[in-house]
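Please consider the sequence and the structure together before reading further. The explanation below goes from one region to the next.

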Amino acid sequence: MNAKKDVKNDHMEEMTRSLVDTWQKSADMMSDLMSQSQQMMTSPYQPMKSLDPMNIGPAFKSAARIMAGDPMKLMQDNYQLWKEHVELMQQIMLKHDMNPDGATGKHHDRRFKHEDWTNNPMFDYIRRSYLLTSNRLVEIMTSVEGISEEDRKKLIFHSKLLADAFSPSNFLMTNPEAIRTMIETGGQSILKGMQNLQRDLDPKTSQLSIMMSDPDAFTLGENIATTPGKVVYQNDLVQLIQYEPTTAKVHQRPLVIAPPWINKYYILDLQPRNSFIAWAVEQGYTVFVISWVNPDAKLGEKKFEDYMQEGILDVLDAVEAATGEREVSMIGYCIGGTLLSATLAYMSETGDDRIKAATFFASQADFSEAGDLKLFTDTAQVDNLERMMEKKGYLDGSAMATTFNLLRANDLIWSFYVDNYLLGKDPMKFDLLYWNADSTRMPKQTHLFYLREMYINNNLAKPGGITLKGVPIDLSKITIPIYLQAAKEDHIAPYPSVFKSTGLYSGPVRFMLAGSGHIAGVINPPAADKYNYWINEDQPKDLEEWLDGAEEFPGSWWTDWDKWLAPLSGKQVAKRVPGSGKLDVIESAPGSFVSIKS
């Protein structure tokens with residue numbers, strides 16, 4: 001009996017050593033795979049100087065060492081996975097024996113929406129087996145003890161990325177819809193898919209740029225970005241667009257919008273039916289929008305404080321020249337809002353009181369809980385980005401677009417991969433996707449300042465943490481009324497992070513939580529009658545208390561914002577036509593800056 005136990009124990013120890021060795025090799029392979037993928041996606045113009053640009057190798061290797069030190073737990077995890085697969089096989093056999101015409105179970109994963117994923121026993125098993133295994137992988141990564149919280153988040157995020165990449169829906173022979181389409185089209189779908197792949201693959205760099213939208217479907221100023229207006233001012237960084245009024249009377253204080261320079265401004269003016277700019281004009285606001293330049297190497301040394309000076313302070317001078325009004329209200333969207341908050345603090349310190357009310361769309365000022373984007377902004381990765389930008393003076397637009405797409409890989413990468421290459425579909429004619437593909441470059445100095453001072457050091461939230469034009473910045477000096485918009489499903493500016501700003505400003509803050517995400521949570525016109533929004537009129541400073549006391553309202557929050565801003569916008573005055581003030585018209589909207597391609 002003892003001899004049998006010894007043999008059994010030896011066998012278990014050997015199997016454990018084999019599993020640990022396999023895990024360690026897998027961790028190394030995963031790190032290599034991620035490194036190679038990041039090199040392909042973010043450095044089309046210069047060989048990467050770091051072998052691990054996403055800095056994930058140390059996290060995976062640390063986890064491997066910890067797991068190797070606890071072989072029993074690893075054995076238990078593998079046994080549990082094996083047991084669950086056996087139970088799954090039994091369930092599949094029993095379910096399809098009892099229901100030979102197909103299963104009717106509902107699931108909400110869009111990757112597996114085709115009926116054969118449920119009705120066909122083979123594909124039902126493939127689907128459920130994959131989900132079981134991928135979920136177990138993430139659970140194992142979550143349960144690793146003895147690692148830093150930062151490493152844990154990296155392990156979970158990149159494990160999910162890897163699991164998403166190996167979904168059976170991404171492979172021809174394990175995707176029933178692709179197989180059926182191939183048969184129904186006599187193989188033409190595969191031929192078209194290969195042609196699409198050849199179209200999207202750069203022969204010089206082997207870079208794959210998945211086409212999401214038909215590039216010929218839209219023309220700026222013709223069927224997208226069509227709200228009538230004129231460019232009335234420009235400098236190195238901006239063109240300022242003033243829009244044609246549609247009402248006889250307008251609010252006395254103009255409304256100036258600072259969109260993010262990470263993308264182009266016309267997310268706020270896609271089509272007449274969903275244009276925030278057109279809607280704001282209809283409510284009687286004299287609307288100005290900043291159209292940021294798509295910077296080249298000559299602008300690589302432009303600093304964050306240059307964006308403040310040329311992008312907001314000089315623009316305020318221009319608005320006064322165009323309208324005769326010194327006082328305005330402003331909107332800042334995403335990083336445009338981060339810039340606006342810093343500028344407001346600077347203006348408070350310098351006695352500049354021209355901005356009387358400010359709105360922030362999906363904007364962060366405290367980056368301590370900035371979500372998954374922080375996984376891409378540790379010191380090692382930012383140092384590597386700096387090396388990437390040395391030659392050209394900017395970060396290529398495709399690199400930033402890839403980072404955002406990785407945050408929602410199934411929706412923004414793999415769904416298009418399947419449609420384009422496995423199903424052979426033509427790209428959609430969709431305004432939002434067209435805008436999303438129209439990427440912009442990041443000037444080196446501004447981008448590095450933003451990543452290091454905001455994401456890494458969170459200095460904007462600290463009084464005196466950053467200095468702009470020699471002036472220490474303190475957000476608590478901001479006392480004007482604030483409207484703070486966040487969205488429940490925002491993966492770029494998570495609403496708990498946005499909510500933190502309620503504790504930074506000293507004036508009255510109206511925090512509003514919208515449905516959907518970073519884009520649809522903002523671009524939600526009342527006519528669409530979509531999503532909902534939440535308001536807590538007591539505006540407590542504790543997030544859980546705010547959520548518990550919030551009241552839900554149907555539809556768009558735009559009307560709530562208008563009710564808040566209108567009383568802060570002065571009396572009604574005669575409409576202003578672009579070019580009627582002290583500034584001449586330079587050109588018609590949308591202007592030339594927005595047309596510069598990356």
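The following paragraphs discuss a helix, two surface patches and a loop.

The model is a predicted one. A suitable starting point is helix H8, which comprises residues 188-200. Leu197 belongs to this helix, and its relative accessible area of 34% makes it partly exposed. Together with Leu201 and Leu208, Leu197 makes a nonpolar surface patch of about 210 Å². Leu197 can take part in such a patch because its 34% is over the 30% relative accessible area that a patch residue must have.

Asp200 is also located in helix H8. Is Asp200 buried or exposed? With a relative accessible area of 6%, Asp200 is buried, because a value under 20% counts as buried. Which residues are in contact with Asp200, once its neighbours within four places in sequence are left aside? They are Gln207, Leu208, Ser209, Ile210, Met211, Asn420 and Tyr421. Leu208 thus appears in this list and in the nonpolar patch described above.

A patch of another kind is negative and is formed by Asp538, Asp542, Glu544, Glu545 and Asp548. Asp548 lies in helix H18, which covers residues 543-549. The relative accessible area of Asp548 is 67%, and the residue is therefore exposed, since the limit for this term is over 50%.

The last region is a loop. Pro272 occurs in the loop that runs between strand E4 (255-258) and helix H9 (276-282). Pro272 is exposed, and its relative accessible area is 62%. In sequence, 47 residues separate Pro272 from Ala225, while in space the two are 8.4 Å apart, C-alpha to C-alpha.

Conventions:
Residues are numbered from 1 along each chain as its sequence is written. This is a predicted model: local features need pLDDT of at least 70, side-chain atom pairs count only at pLDDT 80 or more; totals for chains, interfaces and linings use all residues. Side-chain values use heavy atoms; hydrogens and water are left out. Patches are made of residues with over 30% relative accessible area and no salt bridge: like charges are joined within 9 Å, nonpolar side chains (Val, Leu, Ile, Met, Phe, Trp, Tyr) within 5 Å. Accessible areas come from the Shrake-Rupley method with a 1.4 Å probe; for residues, only the protein chains shown count as cover. A salt bridge is a side-chain nitrogen of Lys or Arg within 4 Å of a carboxyl oxygen of Asp or Glu. Helices (H or I, at least four residues) and strands (E, at least two) are DSSP runs, numbered from the N terminus. Buried means under 20% relative accessible area, exposed over 50%, partly exposed in between (1.4 Å probe, protein chains only). Contact means heavy atoms within 4.5 Å. Lys and Arg count as positive and Asp and Glu as negative; His and the chain ends are not counted. The place of a charge is taken as NZ of Lys, CZ of Arg, CG of Asp or CD of Glu.
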